[in-house]
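Work through the exercises below on charged side-chain pairs. Each task is followed by a solution in steps.

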Amino acid sequence: MREYLDGNSAVVRGALAAGCTFFAGYPITPASGILMAMMSELPRAGGIAIQGEDEIASIGMCIGAAMTGARAMTATSGPGISLYSENIGLAVMGEVPLVIVDVQRLGPATGGATTVGQGDVQFVRWGTAGGYPIIALAPSSIPECYTLTIRAFELAERFRCPVFVLTDKELGMTLATVEANAFRAPQLSERELAISGPPYRYDPPDQVSPLHRYGLGDTVRFTGSTHDEAALITKDPRSVAALNRHLVAKIEEHVDEIALVEEDLQPGARTLVISYGVTAGAARLAVEQARAEGTAVSGLVVKSLWPVPEAAIGAALEGVVRVVVPELNLGQYRREIERLAVGREVIGLNRVDGELIDVDEIVDRIGERTP
């Protein structure tokens, strides 16, 4: 059996399979399909879907819903992420499990509303005050829009933080034939919701306490200000340091648990192609074509962009002297690769003209002279 659907529909299906019970969003191309489908399908599954008056209200509703125990998701594109920024910081500080889908389009500003781009890669990581880490996943196919949306809900609850699903206009809105068995129902883990005790714990720093279900059980506070484990605002240096180190440690000390990559490594290869998102489709085919033409080359698709899966990338770099990084931006993730690939040639293949990178472009870069 096969189905004909787009990535936005797969995201919706993944959210429903993950037990999403609340959605709020505002229409914006190319993410509007998620809003429309959630408005149609979520009430049938017993959940609530709301079109907010704007992006700021929408993510605010999701934060409130999540803190009462709902599994919440919102979806937008680059301009909406700009408006989400302050509330993303609130979700980081309040340790709110929240899934945020960013269907990227060409920017900046209004940019190309119906044009593909991958320009929000650094934005989602650094787009709110403080610089504290988030988690971001990048599907590279329509089935992965389903599976990684489910994974995003799991990670959001495991680490009590906002988790981004970075798709794009082409993945989101292009219809394709997909095997029906790609959408298998997951086995969901038991949820652990606390109704007593302090809402946070910072010792040890990487510990993540169960989400406290606000409105049921003990009266507890929620604040965007620096606070102690009881959510009381504090200026005590020890409490301040404990909170801020915890916000980092709970994610960065669990990178191996979060990391998700697809390895296609060839022994003896001196060139490695590192890709993510929609460009990974062309990268996979380019690696196959180059090999068929007699070139030894490895491929690595990064599906967990943030935190950077440094161990997996480092392992793939062993024996490599050249790295090709195709992106629909001017080299945003290449910066992370250059940091890890010291002493190697890192070549960016970049397009920002609204067109996809094609297979031959990548093959040409693979075939360039190897030092």
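**Exercise 1.** Find where the two partners of the Arg322–Glu345 salt bridge lie, and classify each as buried, partly exposed or exposed.

Solution. The model is a predicted one.
Step 1: the side chains of Arg322 and Glu345 form a salt bridge, with an N to O distance of 3.4 Å.
Step 2: Arg322 belongs to strand S15 (residues 322–327) and Glu345 to strand S16 (residues 345–350), so the salt bridge ties together parts 23 residues apart in sequence.
Step 3: Arg322 has 0% relative accessibility and therefore counts as buried, because buried means under 20%.
Step 4: Glu345, at 36% relative accessibility, counts as partly exposed.

**Exercise 2.** Do the same for Glu310 and Arg339, which form a salt bridge.

Solution.
Step 1: the closest N and O atoms of Glu310 and Arg339 are 2.9 Å apart.
Step 2: this pair links distant parts of the chain, with Glu310 in helix H11 (residues 310–316) and Arg339 in helix H12 (residues 334–340), 29 residues apart.
Step 3: Glu310 is partly exposed, at a relative accessible area of 38%, and Arg339 is partly exposed, at 41%.

**Exercise 3.** Describe the salt bridge between Lys303 and Glu144 and the network that holds it.

Solution.
Step 1: the closest N and O atoms of Lys303 and Glu144 are 2.7 Å apart.
Step 2: Lys303 sits in the loop between strand S13 (297–302) and strand S14 (304–306), while Glu144 is in helix H6 (residues 142–159), 159 residues apart.
Step 3: Lys303 and Glu144 are both buried.
Step 4: salt bridges link Glu144, Glu262, Arg284 and Lys303 in a network.

Note on methods. Residues are numbered from 1 along each chain as its sequence is written. This is a predicted model: local features need pLDDT of at least 70, side-chain atom pairs count only at pLDDT 80 or more; totals for chains, interfaces and linings use all residues. Side-chain values use heavy atoms; hydrogens and water are left out. A salt bridge is a side-chain nitrogen of Lys or Arg within 4 Å of a carboxyl oxygen of Asp or Glu. Helices (H or I, at least four residues) and strands (E, at least two) are DSSP runs, numbered from the N terminus. Buried means under 20% relative accessible area, exposed over 50%, partly exposed in between (1.4 Å probe, protein chains only).
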